[in-house]
Each structure stands twice: as structure tokens, then as C-alpha cells.
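Biologist: I should like to understand the reasons behind the terms used for this structure. Please set each value against its criterion.

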Amino acid sequence: AEPTTSEFTVIMHGEKIRSVEGIVMAADSSRSFSPLEKFGQNFLEKLIGIEMPHKLLERVTFVDTPGIIENRKQQERGYPFNDVCQWFIDRADLIFVVFDPTKLDVGLELEMLFRQLKGRESQIRIILNKADNLATQDLMRVYGALFWSLAPLINVTEPPRVYVSSFWPYDYAPDTSRELFKREEISLLEDLNQVIENRMENKIAFIRQHAIRVRIHALLVDRYVQTFKEKMSFFSDPELVFQEIVDEPDKFYIFKSILAKTNVSKFDLPNRDAYRDFFGINPITNFKPLTSQCSYIGGCLLDKIEKAITNELPALLSGINSGKQPGLSSCEITGCGEKPKNRYRKN
């Protein structure tokens with residue numbers, strides 16, 4: 001494996017071009033990087049920020065992660081790489097996975113990364129960079145090989161969008177698909193601008209999706225608690241009783257009862273085995289029934305989540321959509337360029 005970049009580089013807006021050390025970024029309360037201190041000083045030494053006075057950066061921040069190392073014996077990173085990636089993934093609106101046409105190997109680290117991206121397939125965009133290094137016929141072969149390699153990792157009906165070009169400020173190599181590469185660059189910018197424009201709607205939709213998961217989880221745990229209390233008797237062994245419930249939830253209609261009583265899709269139900277691990281860490285005796293979480297003044301916590309899912313969050317979406325300015329193009333907002341031509345090139 002060839003050497004690759006080892007830093008997390010954050011490109012953000014600033015009054016002038018300058019670099020900021022990771023330790024400074026984490027210590028600055030005005031920034032949103034303070035939680036990264038939990039990953040240790042070794043990681044902060046691999047974090048660097050670059051400020052630039054560009055209009056696009058007023059509305060978006062780019063994070064360039066280190067390259068994938070498939071041969072783990074070559075280098076030990078010295079910090080929890082996948083945990084750090086997950087921190088950024090959880091806060092990302094759009095995720096670009098960049099491939100070099102000469103390095104399409106799929107190994108353990110890339111497989112782990114795509115497992116972390118599960119559930120965020122709509123945010124993934126694939127970039128096949130340095131495409132002008134290949135002849136058209138070779139490029140088609142590499143394009144097919146890329147999909148062949150990624151098919152087992154992305155289990156969705158519609159594959160993610162793939163952008164094919166050479167994304168740098170220099171001219172393309174001669175005798176390559178210049179017009180195709182130009183259109184791909186423009187499409188990539190338009191895609192990015194569309195995400196920036198719809199960022200608030202996407203954020204609200206993601207919060208609502210998360211609220212649905214929280215509601216389902218709360219209902220399932222409550223059902224486990226109720227079943228446990230029903231099956232317990234004075235002479236019962238709590239460990240044995242609950243072990244049977246966790247091992248055979250269908251026998252006690254844990255999941256079917258949730259589908260019958262609430263507006264829950266069977267496709268949103270989590271894996272049954274996940275609750276064996278969950279209760280292995282969190283004893284059932286730590287939980288109280290949902291009915292005990294209600295008060296005369298404050299109401300019930302679950303009812304508040306239901307209200308947010310059915311009324312409040314959809315109302316927020318409607319308010320944002322009604323307040324949009326019709327006819328205002330994304331480039332007018334972000335300043336990506338005045339003409340729909342090759343925006344990165346001088347000529």
C-alpha cells in the first residue's frame with residue numbers, strides 16, 4: 001500500500017487563508033469541535049483546520065478524512081479512526097467517497113467504513129477521480145469494476161451517484177472525454193448546492209426519522225418490561241425469566257404486539273438480536289414502565305415524541321418550504337459561479 005494522507009483536514013470560512021491546529025480548534029468554544037477532545041491528544045495532532053475567505057464556505061464546511069489503509073500492518077494510526085469517522089458521519093449532510101482508478105482494492109477498513117454508513121445511503125456520492133489518466137475504454141472497465149467491488153457493501157436498490165472526472169484546477173490530459181468531465185464537475189457542484197439549499201429540510205427530516213426510532217425503541221423496551229413483570233412470581237429466578245424472554249421474543253409476542261398497537265412499520269423494527277446485547281449491558285431492572293413517566297402537569301414523554309413526529313416537525317417543514325424564495329438559483333445563494341461552464345477552470 002502506498003502512503004496516504006494521515007490528517008483530518010477541515011476546510012472552513014475565515015477572513016484570510018490560514019491554518020489552525022487541532023488542539024486550538026478543540027479548545028475554541030466558538031467552534032463546534034470541542035467534543036473531539038475525547039479522542040485524545042494523538043488524534044488532535046492529526047486534526048488541522050484551514051480557513052479561506054470563499055463565499056461557498058460561508059454555508060458549508062468540508063472535511064477531508066485520511067485515506068483508507070487496507071494493509072493495517074503498514075501503519076497503526078494511534079487513535080480510534082472509525083470512532084472519529086463516525087463522529088463526522090453523524091454530522092454530515094453529504095458524504096463523498098473518493099476512489100483512485102488505479103486503487104480499487106476493497107479491504108477490511110473500507111468494509112468497516114461502509115458499515116458505518118448504513119442507513120445513510122442517500123447521502124453517499126462516489127467520486128472516481130483522476131479519470132483523465134485513462135483512455136475511454138479503460139475508464140469504462142474501471143467504472144464497471146468499481147460497481148462490482150462496491151455492490152456487496154451498499155445494499156440498496158438504487159446505487160449512489162458516481163461522478164467521473166479529474167477534480168483539480170489543471171487542464172485535462174489530451175485525448176480524453178473532456179466534455180463528459182466538464183459536465184460531471186458541474187453536476188457535482190449543482191448536487192452540492194442542492195444539499196446546501198435543502199439542508200434545513202434534511203435536518204428536520206433526519207430528526208423526525210431519529211424520533212421514530214426512539215419511539216419504537218421506547219415501546220419495545222416497555223414491552224420487555226411489562227412481559228418481565230407479568231412472568232415474574234415470588235419464587236421465580238429473575239435472570240432465568242428474562243433470559244427466556246430475550247432469547248425467544250416471538251414466543252411472548254414482543255415485536256408483534258408493537259406492530260398491532262402502534263402505527264409502526266415492520267420494516268422499521270430493529271434486529272431482535274440487538275436487544276440481547278442491549279439488555280446485557282443495561283439490566284431490565286434499570287427501566288420503569290412508560291406509564292410511570294407521565295405527570296399531571298407535564299404529560300407523558302412518549303406523547304410528546306408522538307406530537308413532535310405527527311405535528312410539530314411536519315409543521316416546521318411546511319413553514320420552511322412556504323418561506324422559500326421561488327426562482328432563486330442555488331448558485332445565487334452560494335456563489336458557485338455565474339455561468340454554467342467549467343467553474344474550476346480559468347479558460
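The following exchange takes up the chain as a whole, then its helices and some single residues.

Modeller: Please note that this is a predicted model. The protein chain has 12 helices and nine strands. Buried residues make up 37% of its 347 residues.

Biologist: What share of the contacts with a separation of 6 or more joins residues 24 or more positions apart?

Modeller: Such pairs account for 75% of those contacts in the protein chain.

Biologist: How do you know that the end-to-end distance of helix H11 agrees with its number of residues?

Modeller: Helix H11 covers residues 301–322, that is, 22 residues, and at 1.5 Å a residue the expected span is 32 Å. The C-alpha atoms at its ends are 30 Å apart, which agrees with that expectation.

Biologist: Where does H11 bend, and by how much?

Modeller: The bend is at Ala308 and amounts to about 50°. Ala308 is also one of the buried residues of H11, together with Leu302, Ile309 and Leu313.

Biologist: What covers the buried residues of H11?

Modeller: The cover includes helix H7 (199–231) and strand S9 (299–300).

Biologist: Why are H7 and H9 called oblique to each other?

Modeller: Two packed helices are described by the angle between their axes and the distance between the axes. For H7 and H9 (residues 254–261), the axes come within 10 Å and cross at roughly 120°. Angles of 65 to 115 degrees count as roughly perpendicular and those over 145 as roughly antiparallel. The angle of roughly 120° falls in neither class, and H7 and H9 are therefore oblique. Their crossing is right-handed.

Biologist: Which residues meet where H7 and H9 are in contact?

Modeller: On the H7 side they are Leu219, Leu220, Arg223, Tyr224 and Thr227. On the H9 side they are Ile254, Phe255, Ser257, Ile258 and Lys261.

Biologist: What makes Thr227 a buried residue?

Modeller: The cut-off for buried is under 20% relative accessible area. Thr227 has 2% relative accessibility and therefore counts as buried. Thr227 lies in helix H7 and, leaving aside neighbours within four places in sequence, is in contact with Ile245, Phe252 and Ile254. Thr227 and Val241 are 14 residues apart in sequence, and their C-alpha atoms are 9.8 Å apart in space.

Biologist: How do the axes of helices H3 and H4 cross?

Modeller: The axes of H3 (residues 81–89) and H4 (residues 108–116) come within 10 Å and cross at roughly 35°. This crossing is right-handed. Phe81, Asn82, Cys85, Gln86 and Ile89 in H3 meet Glu109, Met112, Leu113 and Gln116 in H4.

Biologist: What makes the phi of Lys130 worth a remark?

Modeller: Most residues other than glycine have a negative phi. Lys130 is not a glycine, yet its phi is positive, at about 55°. Lys130 is found in the loop between strand S6 (124–128) and helix H5 (136–150). Asp175 likewise has a positive phi, near 60°, and is a residue other than glycine. The loop that holds Asp175 runs between strand S7 (161–164) and helix H6 (178–197).

Biologist: Why is Lys130 called partly exposed, and why is Asp175 called exposed?

Modeller: Exposed means over 50% relative accessible area, buried means under 20%, and partly exposed lies in between. Lys130, at 38% relative accessibility, therefore counts as partly exposed. Asp175, with a relative accessible area of 77%, is therefore exposed.

Methods
Residues are numbered from 1 along each chain as its sequence is written. This is a predicted model: local features need pLDDT of at least 70, side-chain atom pairs count only at pLDDT 80 or more; totals for chains, interfaces and linings use all residues. Side-chain values use heavy atoms; hydrogens and water are left out. Helices (H or I, at least four residues) and strands (E, at least two) are DSSP runs, numbered from the N terminus. The expected span of a helix is 1.5 Å times one less than its number of residues. The bend at a residue is the angle between axes fitted to the seven residues ending there and the seven starting there. Buried means under 20% relative accessible area, exposed over 50%, partly exposed in between (1.4 Å probe, protein chains only). Contact means heavy atoms within 4.5 Å. Axes are lines fitted to C-alpha atoms, for helices over the stretch in contact, and angles run from 0 to 180 degrees between N-to-C directions. Angles under 35 degrees count as roughly parallel, over 145 as roughly antiparallel, 65 to 115 as roughly perpendicular and the rest as oblique. A crossing is left-handed if the near helix is turned anticlockwise from the far one by less than a right angle, and right-handed if clockwise.
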